[in-house]
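Look at the sequence and the model below before reading on. The report moves from the whole chain to single residues.

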Amino acid sequence: MGYGYYGWWDPTYVLVIIGALVSLFASARVKGTFRKYSRCRSMSNMTGAQAAERILHMAGIYDVIIRHVPGSLTDHYDPRNKTLNLSDTVYGSASVSAVGVAAHECGHAIQHQKNYAPLSIRSAIVPAANFGSAVAWPLILAGMFFTSSTGALLIQIGIICFSFAVLFQLVTLPVEFNASGRALNILETSGILNSGELKQTRKVLGAAALTYVAGAAAAILQLLRLVLLFGGRNDN
């Protein structure tokens with residue numbers, strides 16, 4: 001057995017640990033920031049759902065359905081059926097956090113309306129990313145039990161499949177940052193939030209963006225680990 005192992009310790013686990021720590025930090029940061037500004041009621045008294053409806057109508061969008069979905073921070077826009085899904089902590093809440101998150105999801109709806117290229121690319125690679133995530137590790141594990149040439153081929157295919165999932169994470173970054181930028185601009189020009197509330201909302205959306213950066217970083221580190229472990233298997 002080889003591939004970079006020393007006794008019972010695989011030094012490439014350091015990459016996994018770093019990715020996990022970054023992801024945990026980002027998750028804790030967004031939850032804490034959202035919770036903090038959830039206690040700040042907006043001066044407009046508009047709930048997340050009301051703010052979303054107003055923003056969509058301001059953008060000339062009338063065919064998007066605003067729905068209430070269970071959970072916390074489960075908010076998302078689904079371009080397949082044009083639904084803007086707001087969670088328990090956003091839909092009926094008039095907090096600064098709720099309005100900011102609702103506006104962010106409206107940003108995705110506006111991207112869809114304007115055929116924003118990165119959003120279209122992300123939607124197009126979703127099937128490949130889902131398939132790659134599902135089959136990558138089974139292929140890699142199977143490759144470890146086959147002969148050199150067959151095993152190496154399976155592992156290479158598995159790494160390529162995993163790369164699609166990494167690509168999805170990378171394409172997600174400009175989509176999310178752009179949606180937040182649109183949200184802040186709309187909230188400012190519409191007067192839904194005042195200048196002080198905008199600063200608070202910027203912190204909420206900034207913390208949320210950090211989770212996507214962390215997800216991309218963790219995926220890249222995992223891909224690097226796979227390349228380091230199995231990239232030279234033919235030589236072994």
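What follows is a short report on the fold, the sheet, the helices and a few residues of this model.

## Overall picture

The model is a predicted one. Its secondary structure consists of seven helices and three strands. From one end of the sequence to the other, these elements come in the pattern α-α-β-β-β-α-α-α-α-α.

The C-alpha trace spans about 65 × 35 × 25 Å along its principal axes. The protein has 236 residues, and buried ones make up 44% of them. About 12,200 Å² of surface is exposed, with carbon and sulfur atoms supplying 63% of that area. Among contacts with a separation of 6 or more, 72% join residues that lie 24 or more positions apart.

## The sheet

Strands of a sheet pair through backbone hydrogen bonds, and the pairing can be parallel or antiparallel. Here the three strands make an open sheet with mixed pairing, in the order E1-E3-E2. Strand E1 (65–68) and strand E2 (76–78) each have a single partner strand and stand at the edges, so one side of each has no neighbour in the sheet. From one strand to the next, the twist averages 25°.

E1 and E3 run parallel and are joined by four bridges. One of the residue pairs here is Arg 67 with its bridge partner Asn 85 in E3. E2 pairs with E3 (residues 83–86) in the antiparallel sense, over three bridges. Asp 78 has Thr 83 of E3 as its bridge partner.

## Two sides of strand E3

Which residues of E3 point one way, and which the other way? Thr 83 and Asn 85 point one way, while Leu 84 and Leu 86 point the other way. All four of these residues are buried. Two of them have already appeared as bridge partners: Thr 83 for Asp 78, and Asn 85 for Arg 67.

## Helices on the sheet

Helix H2 (residues 48–58) lies across E1 and E3, and runs at about 155° to E3. Helix H4 (residues 96–113) also packs on the sheet, where it touches E2 and E3. The direction of H4 makes about 25° with that of E2.

## Helix H7

Helix H7 covers residues 195–230, which is 36 residues. From its first C-alpha to its last it reaches 53 Å, close to the 52 Å expected at 1.5 Å a residue.

The N-terminal end of H7 is capped by Asn 194. A side-chain oxygen of Asn 194 lies 3.1 Å from the backbone nitrogen of Gly 196.

## Residues with positive phi

Several loop residues deserve a separate look. Leu 73 is in the loop between E1 and E2. Its phi is near 55°, a positive value in a residue other than glycine. In the hairpin of E2 and E3, four residues lie between the strands, and Lys 82 takes a positive phi near 50°.

Asn 115 sits in the loop between H4 and helix H5 (117–143). Although Asn 115 is not a glycine, its phi is positive, at about 55°.

Is each of Leu 73 and Asn 115 exposed or partly exposed? Leu 73 has a relative accessible area of 33%, so it counts as partly exposed. For Asn 115 the relative accessible area is 60%, and this residue is therefore exposed. The cut-off for exposed is over 50%.

Definitions and conventions: Residues numbered from 1 in each chain as written. Predicted model: local features only at pLDDT ≥ 70, side-chain atom pairs only at ≥ 80, totals over all residues. Heavy atoms only, no water. Pairing = 2+ DSSP bridges. Axes fitted to C-alpha atoms, helices over the stretch in contact; angles between N-to-C directions. Contact = heavy atoms within 4.5 Å. Expected span 1.5 Å × (residues − 1). Polar contact = N/O pair within 3.5 Å; in protein donor to acceptor, adjacent residues only side chain to side chain. Buried < 20%, exposed > 50% of the residue type's maximum accessible area, 1.4 Å probe, protein only. Areas by Shrake-Rupley, 256 points an atom, 1.4 Å probe, with all protein chains shown as cover.
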